[in-house]
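Hi,

Here's the structure I said I'd pass along. Have a look at it first, and then read on for what turned up.

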Amino acid sequence: MNVVEIIRKKRSGEELSADELSYFIDGYTEGSIPDYQVSAFLMAVFFKGMSKKELGVWTHRMLHSGEVLDLSDIPGHKVDKHSTGGIGDKVSLILAPLAVAAGLKVPMISGRGLGHTGGTLDKLESIPGFNVNLSIEAYRKQLLKLGCTLIGQTGQIAPADKKLYALRDVTGTVECIPLIASSIMSKKLAEGIDSLVLDVKVGSGAFMKTFEDAELLARTMIDIGNEMGTPTRALMTDMNQPLGQAIGNAIEVKESIDTLRGEGPKDVEDISVALVHEMLDLTGLADENTDAMLRAKLRDGSALKIFRDIVEAQGGDVATIDDPSLLPQPQHRTFYKAQSDGFIRFPNVANLGFAALELGAGRRTKEDEIDPAVGLYCFVEHGQKVKKGDTLFEILYNDVATLTPCQERIAASIHIQQSAPETLQLIYKKLE
Ligand code: URA
């Protein structure tokens with residue numbers, strides 16, 4: 001087969017055959033097709049999309065690029081959730097131990113930061129020593145013992161997604177429904193789960209900016225899950241403002257610990273509870289007392305204890321969980337203040353992700369190292385009334401040269417207007 005021909009065919013909008021798609025995925029996974037050809041192909045998919053048939057083959061091949069785990073010998077309901085990505089979205093760190101506290105097993109395979117969005121793996125790695133690269137044997141053992149593992153794709157699990165994800169991040173090919181759907185579903189279906197809940201974000205900080213696109217993405221993923229035998233449902237949730245206050249890595253771990261203590265931001269707790277509720281409901285375990293039970297598990301310390309056990313089992317320094325001030329700290333802090341009186345709106349939340357990326361909390365190239373200590377605290381919410389000089393953000397940074405570009409991104413993310421904006425909902429819709 002001729003790779004250039006396959007790229008040309010996709011570029012002109014023709015449907016590719018199963019053989020061509022499989023050849024492409026296999027060649028990239030084993031290294032015989034180079035990054036530059038795959039980049040061109042991804043850009044062609046970005047503009048021309050994929051048919052339902054193409055997407056089915058592509059996802060199936062990505063899923064089978066590595067091992068598809070069989071966890072049927074591990075007792076219990078194995079359920080996971082995955083978010084399409086947002087700003088300040090640290091929900092996995094809270095949801096996984098909370099779901100375990102509620103009786104589920106959560107074999108979670110997560111991703112790194114992508115584009116302007118943060119990644120669960122990068123956040124976890126800000127806990128000194130935390131190892132996200134467990135072998136499959138260790139993954140199974142820990143799941144059996146603690147009910148949860150928090151790992152990344154390995155060379156064994158969905159390696160095609162691991163490579164494509166990193167390449168999309170740096171080639172402007174993230175915001176594309178077939179590429180997002182195949183990325184998420186290939187790694188999730190490889191986990192060996194019984195069912196899956198998706199958190200599909202919509203708004204100016206999400207990859208899907210409109211309700212229609214977000215719903216199409218959700219439906220596409222639900223169809224893939226159901227066709228491949230894994231019951232899947234989705235909540236469509238808001239990303240027109242950051243989730244919680246912390247945007248970064250170590251600071252998001254700290255906010256997750258606060259939430260696991262029942263002392264976190266209300267939106268982070270509410271969305272974590274709603275998603276675990278859906279995970280329980282998918283397995284027939286939810287009733288009218290579920291939400292109160294979940295909130296109690298945050299307040300009585302049982303979910304936090306499970307998180308601590310997971311951190312310990314994966315080599316992380318548990319002293320940082322007991323005392324989050326031991327997490328990596330920045331050398332400098334400064335405040336960003338309101339320039340006028342009025343009501344807050346975030347016309348472009350993605351810019352807050354880019355602001356954190358400017359500081360070093362994300363990657364510009366595949367090789368970039370993350371600075372775990374840097375990030376932003378956002379002290380205001382959509383619709384909040386502020387006065388000139390009020391503190392809107394705290395910026396945590398190490399490299400002084402990153403401060404101005406970060407401040408410019410913040411300025412482009414926020415608007416102070418004279419009239420109160422329309423209120424936002426946290427959760428828009430459930431799709432089954
Ligand atoms: N999350 C993923 O795992 N993949 C994407 O493409 C986007 C969000």
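Before we get to the ligand, one bit of vocabulary: Ala, Val, Leu, Ile, Met, Phe, Trp, Tyr, Cys and Pro count as nonpolar, Asp, Glu, Lys and Arg as charged, and the others, Gly among them, as polar. Sorted that way, the shell around the ligand has four nonpolar, three polar and two charged residues. Keep in mind that this is a predicted model.

So who is in that shell? Around the ligand you'll find H82, T84, L114, Y165, R168, I180, S183, I184 and K187. Two helices, α8 (159-169) and α9 (177-189), supply at least two residues each, and α9 gives the most, with four.

Now zoom in on the polar atoms. A side-chain N or O atom of K187 is 2.5 Å from an oxygen atom of the ligand. S183 has a polar side-chain atom 2.6 Å from a ligand nitrogen, and for H82 a polar side-chain atom lies 3.0 Å from a ligand oxygen. On its own the ligand has 240 Å² of accessible area, and the protein covers 97% of that. As for where the ligand sits, it is in the largest cavity.

Next, take a look at helix α5 (residues 91-101). Is it buried or exposed? Eleven of its eleven residues are buried, so the helix is largely enclosed by the rest of the structure. Among those buried residues are V91, L95, P97 and A101. Just after α5, G103 takes a positive phi of about 105°.

Have fun exploring!

Definitions and conventions:
Residues numbered from 1 in each chain as written. Predicted model: local features only at pLDDT ≥ 70, side-chain atom pairs only at ≥ 80, totals over all residues. Heavy atoms only, no water. Near = heavy atom within 4 Å. Polar contact = N/O pair within 3.5 Å; in protein donor to acceptor, adjacent residues only side chain to side chain. Areas by Shrake-Rupley, 256 points an atom, 1.4 Å probe, with all protein chains shown as cover. 1 Å grid on protein atoms, 1.4 Å probe; cavity = no way out; pocket = protein on both sides within 12 Å on 5 of 7 lines; lining within 4 Å. Sits in = over half its atoms within 2 Å of the grid points. Buried < 20%, exposed > 50% of the residue type's maximum accessible area, 1.4 Å probe, protein only.
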